[in-house]
Amino acid sequence: MPLGEQEQFLSYNGEVLIFYLSKPKHAEGAADKTMNLCVRRMAFDRDTKLFVQKSSGVFSMRASPLKMEIICCSCTTDSRTGIILPCILMKKRKRNNVVKYLLLLLHSSNQFEQSFHFKLDYEVKEDIRLFAGPSVLWRHANKLFYISSNTCTVLSAPVHLSSVVWTGEIEDEGTVVLGIRTACLPESEDDEFSTSDRAIWGSEFFGYAIESQKMLTGTCFMPHAYSRVVSSVHVCKNEILKKQLRISLVAVTHKNQLIWFQDGLPKGVCELPYEKPCSVKTAVTSSNELLFIVSFASGNICVIQRRDSLQVASKWQEVKSLLVDDFIGSGSEQLLLLFKDDSNADVLSTFKITDLGAVNYASGINYKHVVPAAEGLQENGLLTVRALETRLQAGYTSVQELQQHLRLKKRVILESCRALIDLVEERTHILPTAKEVKCRRNIKRTNISTYLKKMFFCKEGLVSLWDDVENPPHSLSKETSLASKVPEHFIEKLWQRVVGDSLVVGVKITESFYLSLSDVSLSLVMDQNFSSISPIIECRNKIIKLNKAFSALAVSSCQTEPPPKKMKLDLHSKNELKKEFPKRCSRVQLDETKTVTAVTNLSPLLAFRRVRCIVLLHAKKQKRLQESKKITVLCGKILLSLEDISNGKYSVTMLRDNSYCTGSMEDIHAVLAVSVRFSFQIMSSDCTLTPVNSWLLGEMECTPFKEYHDNIFCHKAGNVYGTVFNWTLKNPFEGVLTLFCRNLTVLFQCLHSLTRVLPPSCDVKLLTSGSKGVLTEQLALALEKEMLTLRSLFFSKESKAENSFTWGNEPGKKISDAPVASLLDSEEGVQQFRKKLQNEREESVLSMNQTMNGALYQELALKIAEAQLSSDMIVWRLS
């Protein structure tokens, strides 16, 4: 084959790559033993409407010109980087009928790289395909062979086939070869191939996955009856839907037809205008239309559109090469047809670029004379551009206003945070000076709503966030109080720990102070003056209670409320009820530790290297059953630095010491704070539950805490490390297993390991919130609290309600209590008696419709709702 006829064309990122062989220029008398593989990168110039050369590259090889040949080229994925690169397969003949093949990769710098080479004692001629790796696949003697850059060894697939119709990627299967082979009878009756198809047509489709080396059912591509006529296939779409492979493809046949298949069934057919179709490919145009391009052995091309039916949209003859890519840079694909032209040596001199729509470029047209004819279109385009510029300017103005508004909101929030910090630390806060209103006020310990109202009025001319009500209702005024008298030493300890990517801050509260609180939570506020970010750190809270006297361990956190509830009121479950009804609760322990923790993401804080945070405690302090007020108190400050974290200063340490876990109280609290709690009730009907304890101490490698023996720490390597277990036996056949794990993956791993040691008859049930016994006791106490609340509220407010009741009769207009007989003696007396009787009747009716002050009614309704919500919550957790 002459060197000029060995040109290969390939499209890559909108460019046309032309590969060809050439002889180097040697000095006179030098031996001609070198060949050059050359590449030219051609790009379409939208100004001149011609292809121009951007760059070129050369790869030299020692070989005779008559022994080198370009076999094929394609774009494949380099498995080392995942980048798609042009790939060229070269053939070099050697002595003794040995043929050497080289696979080359072309990089963006026009440098060639030899991926691998292999030698065969025959020439590769049939069904040569290049695919990801890069890898080479071919058929020889009805066998399938392939080699990749990872193995560099020729491998043979355990299949016999007569042709390869497609090679590509299938979801969950990797590279798949779709071929045709001789039908064979099934070895078993449950074979999923159709016996009738094999017997009638004598051949069948099959799929072979290269990576997994397994066979795929060919009927999911198309029926076996088409195996005798199909010459080429293109898979348009493949996906896994409901664990089944769904495939959409087109195929061309020897009967000059194009057939559309959906999930193995024919959905449409189109007669082709030429004979001997050899390949089919697709293109997606700017109108999101899918085109099927069919190439014929004669050099003809036709394009088929898929609308209501498959129809031939266009056709061309004497086409030398067809490429599909985005050649004009419009974001969609076009067809590039290179026509045969013996009069011109440059093959790109005769071409056509089209998408059967708005894009239509062809060689030999002088576009300079065509442009003036479209002056009207240019004028319309200019008007359109001006309208778009106006809309863009309006949008830019709106964006600027939004940005200004956001900056204003950020300044208000930052100033509020600074004021809050000063209030808590009992410092004097001075308002910033505003340009419009110059006002400076010294804000000391006062109502926070009043302060913010003043600040918003003074600065930026903003409006108040609250209504200007001078005398709010009695119940609301009590709720808005911020500061309260607190004991001088109410914090036993303030600590911090780092667990994974979480920062845990804990506050241990004194027993006497904790008993008067409810709705306890922590806030972290950065003490530095950051102007661009909010100093409030987002965190989640937990209250952890570890009983030294009992074996039970409980973690109280923000429980999920029942769906119908819209308002979250004070609910502190069992411990609050014990405090209010000491006679009924004989199990109150005075050696409990009350620790409130706040957990936040650590990585955002490390961006500042050193962060100083103020720890604030928020709670409701209760004096009596009917009264409570919100308080915010300063617990202290913590310092967080990257150096300390790198040195492991705040790391959790859980070591084994004489069959015990030696973690400190703070370490235990930190692990529980970042964990999620799950409780399971395990019941066995015919055998005891002794394997659970053996499983915990044996396979899970757990050791109990020194001070809390029934709560054990998992030391097993892997994801389950750090999980805390609590195993409580009610009787030999029933128990409750509580797990504190980092996430659901760890939970599933633990349950999977547990189910392997439990007897098959065991029943494992997830408990909504603790055991039923504890919840039942809580419900009884909550119902008693609700009853006492109703009684105490109505009786204690009786005098206040009587004073606010309004009656229908007017004072001072009482009828004299004259004897009835004397009134009936005269007509005037009878009228007076009737009037008195009518007044008493009206007074009786009005006494049934009493009215009440709105603030008093609001307070009564709120207290009743709090008590009812407590009992409703426990009933929901029991259900």
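Start by selecting residues 135-140 and 143-148: these are strands E10 and E11, and they pair antiparallel over six bridges. Keep in mind as you click around that this is a predicted model. Zoom in on Val136 in this pair, and you'll find Ile147 of E11 standing opposite. Now look at the turn of the E10 and E11 hairpin, where two residues sit between the strands and Ala141 takes a positive phi near 55°.

Stay with E10 and add residues 126-131, which make up strand E9. E9 and E10 are also antiparallel, joined over four bridges. Val136 turns up again here, as the bridge partner of Leu130. This hairpin has three residues between its strands, and Gly133 in the turn has a positive phi of about 145°. Switch on a surface and see how E10 fares: five of its six residues are buried, so the strand is largely enclosed by the rest of the structure.

Next stop, another set of strands. Show E17, E18, E19 and E20, which form an open antiparallel sheet in that order. Which strands stand at the edges? They are E17 (230-241) and E20 (265-271); each has a single partner strand, so one side of each is left without a neighbour in the sheet. From one strand to the next, the twist averages 15°. For a closer look, pick E19 (residues 257-262), which is joined to E20 by six antiparallel bridges. One residue pair to label there is Gln262 with its bridge partner in E20, Leu265.

Time for some charged side chains. The model has 19 salt bridges, and a few are worth a visit. Show Glu15 and Arg41 as sticks: their side chains meet in a salt bridge at 3.1 Å, N to O. This pair links distant parts of the chain, with Glu15 in strand E2 (residues 15-22) and Arg41 in strand E3, 26 residues apart. Are these two buried or exposed? Both Glu15 and Arg41 are buried.

Move on to Asp78 and Arg80, whose side chains form a salt bridge at 2.7 Å, N to O. Here the two ends have their own settings: Asp78 counts as buried because its relative accessibility is 3%, while Arg80 counts as exposed at 54%.

Then select Arg93 and Glu123, another salt bridge, with the closest N and O atoms 3.5 Å apart. Arg93 belongs to strand E6 (residues 84-93) and Glu123 to the loop between strand E8 (112-120) and E9; the two are 30 residues apart, so the pair links distant parts of the chain. Arg93 is partly exposed at 30% relative accessibility, and Glu123 is partly exposed too, at 29%. Add Glu69 and Lys91 to the selection, and you have a network of salt bridges linking them with Arg93 and Glu123.

Now go to Arg46, in the loop between strand E3 (34-45) and strand E4 (50-62). With 42% relative accessibility, Arg46 counts as partly exposed. Leaving out residues up to four places away in sequence, what does Arg46 touch? Its contacts are Ile328 and Tyr361. Check the Ile328 side of this: the backbone oxygen lies 3.3 Å from a polar atom of the Arg46 side chain. Measure from Arg46 to Phe327 as well, and you should get 9.7 Å, C-alpha to C-alpha, across 281 residues of sequence.

Finish at helix H9, residues 665-673. This helix is mostly covered, with nine of its nine residues buried. Among them are Met665, Glu666, Asp667 and His669.

Technical notes:
Residues are numbered from 1 along each chain as its sequence is written. This is a predicted model: local features need pLDDT of at least 70, side-chain atom pairs count only at pLDDT 80 or more; totals for chains, interfaces and linings use all residues. Side-chain values use heavy atoms; hydrogens and water are left out. Buried means under 20% relative accessible area, exposed over 50%, partly exposed in between (1.4 Å probe, protein chains only). Contact means heavy atoms within 4.5 Å. A polar contact is a pair of N or O atoms within 3.5 Å; within protein, one must be able to donate a hydrogen and the other to accept it, and residues adjacent in sequence count only if both atoms are side-chain atoms. Two strands pair if DSSP finds at least two bridges between them. Axes are lines fitted to C-alpha atoms, for helices over the stretch in contact, and angles run from 0 to 180 degrees between N-to-C directions. A salt bridge is a side-chain nitrogen of Lys or Arg within 4 Å of a carboxyl oxygen of Asp or Glu.
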